[in-house]
Amino acid sequence: MRKLINAPAGVVSDALRGIAAAHPSLRVDPVGGTVVRADAPRAGKVALVSGGGSGHEPLHAGFVGHGMLDAACPGEVFTSPVPDQIIAASMAVSGGAGVLHVVKNYTGDVLNFRMAAELAEDEEIEVASVVVDDDVAVEDSTYTAGRRGTGATLFVEKIAGALAEEGAALAAVADAAREVNERSRSFGVALSPCTVPAAGAPTFELGENEMELGIGIHGEPGRERVAAGTADEIVDAALSAIDADMPLSGAEVLLLVNGMGGTPLIEQYIACAAAHGWLAAHGATVARSLVGNYVTSLEMAGCMVSVCRLTPELTRLWDAPVETPALRWGR
Amino acid sequence: MNAAGAARWIRHTAHLVSADAERLTRLDAAIGDGDHGLNLDRGFTAAVAAVDALPGDTTPAKVLIAAGRAIVSKTGGASGPLYGTALRRAGKALAETGGDELDAAALGAALTAALEGVQELGQAAEGDKTMVDALVPAVTAYEAALAGGADIAACARAAADGAAQGAESTVPLQARKGRASYLGPRSAGHLDPGAASTALILRALADVTMEGGGDAWSGSS
């Protein structure tokens, strides 16, 4: 295992020390595992707290700041945070208007956030939770764990964060977050596995001419292994799967072409061109695009395509000013 | 079963988990994200520290509750809340029975409470390819042994055997809960790591009750 680390056990706290050093706009507790806006708590503002396993950077710590998250709680690599962290973050940002927990739909994340929400209410902090489950590679069913939360988490955090920044009430911010999740879908493809530092070995083996379709963001294999294809074929597989679940014809969409961590930007732009071509050919209009490594899976190569069917209000909130380490415009 | 016995169970579990961490992680890498052994090792290490910090005059109930709290606080993932809740519920059931020495019936009630806690929180049923597939046969075997008049060590051994068989039974299953469910049909053909770690925890229980002499846990830790 060749990695730019000091020791596997220190990966998360060492990285948090770097985030603290690079971004004075954040208050970081590298040991407790919280990243908080330096100006928190903001009186009367609904606070957004998210978190999950580390290894998806810049998600979530890179999205803490004006117009997005108030705090993030990074867990161990690919492991959900523990309730203590989530409570500490919620208390640090609570400005009296309530706290919204943005939770990706993984059993561990859901359980730890649920335990934390119950304990936060003992501290008289009102908590609402929204669960993001946008990944169409997984069949949804009441008998299973359901779909994973992936790329649309960025859409939810940006748009709900903008509404909270405007002073909206907790119920309205939570409703907006749910609306974004309901209108968003994602599908990912892996061209290589990744290596969890503490495990030291790749999460799966992939032949030279193979790829994994329908991956998540934890280095797990996907739904299916197929022969590697071109960028056009990969994007077609992703958008066809999304379109089959949520028809895109006639829609005005927000498009995220998301690198998984090990794919260069030049290839992501090739995928972006393919996605624009595919969407135009299928009667959809791309109103906004974002390309880059935003919701990653360590050094996994590949990409994830996420689409949100916009409304004029959602477009307005997407365009609203944001100032975080990883996403900034309009200020 | 006394407090020292309960503490030995937690310590012995930590030892077994640590020794088997690599295998658990390997099982998890096949159908999950490859960190189950690492996470449980961290959680049970914290549980041992919490148990060691208890005062000398503690009870079995307090030992299990302290261990459960530490596991919730330090493990993360789904296994932290699930195992933490299982131990806390078991401890609370023992607290209702009261006393410093608990018999086979009280331990059986504690295991049943642990199972109920896991199912309530995780919403998994038998056959979903989770820790429930090891825990249900363990509790069933324990209760059957108890009804047949077995002592605490024989009951615990029956539970450990039931859990081991239950864990093996997950191999052909397609996962419906947890991260393995994302693989769909590809999750079949693998042993569920959560069921495997549940079998370890019950093996630890059988080992320490046997050391205790059969009728009850006794002796110092």
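Axes are lines fitted to C-alpha atoms, for helices over the stretch in contact, and angles between N-to-C directions run from 0 to 180 degrees. Helices are DSSP runs (H or I, at least four residues), as are strands (E, at least two), numbered from the N terminus.

This is a predicted model, in which local features need pLDDT of at least 70, side-chain atom pairs count only at pLDDT 80 or more, and totals for chains, interfaces and linings use all residues. Residues are numbered from 1 along each chain as its sequence is written, with chains lettered from A and ligands numbered from 1 in the order written.

**A helix pair in chain B.** Helices α5 (residues 104-122) and α6 (residues 132-147) of chain B have axes that come within 10 Å and cross at roughly 155 degrees. That makes α5(B) roughly antiparallel to α6(B) (angles over 145 degrees).

**Two domains in chain A.** An automatic or database assignment sets domain bounds. Chain A splits into domain 1 (8-182 + 318-324) and domain 2 (184-310). Their centres, taken over C-alpha atoms, are 23 Å apart.

**Contacts.** Two residues are in contact if their C-beta atoms, placed from the backbone, lie within 7 Å.

| First side | Second side |
|---|---|
| chain A: 30 residues | chain B: 28 residues |
| domain 1 of chain A: 25 residues | domain 2 of chain A: 30 residues |

On the side of chain A that touches chain B, α3(A) gives the most, with five residues. On the side of domain 1 of chain A that touches domain 2 of chain A, α4(A) gives the most, with four residues.

Key: Angles under 35 degrees count as roughly parallel, over 145 as roughly antiparallel, 65 to 115 as roughly perpendicular and the rest as oblique.
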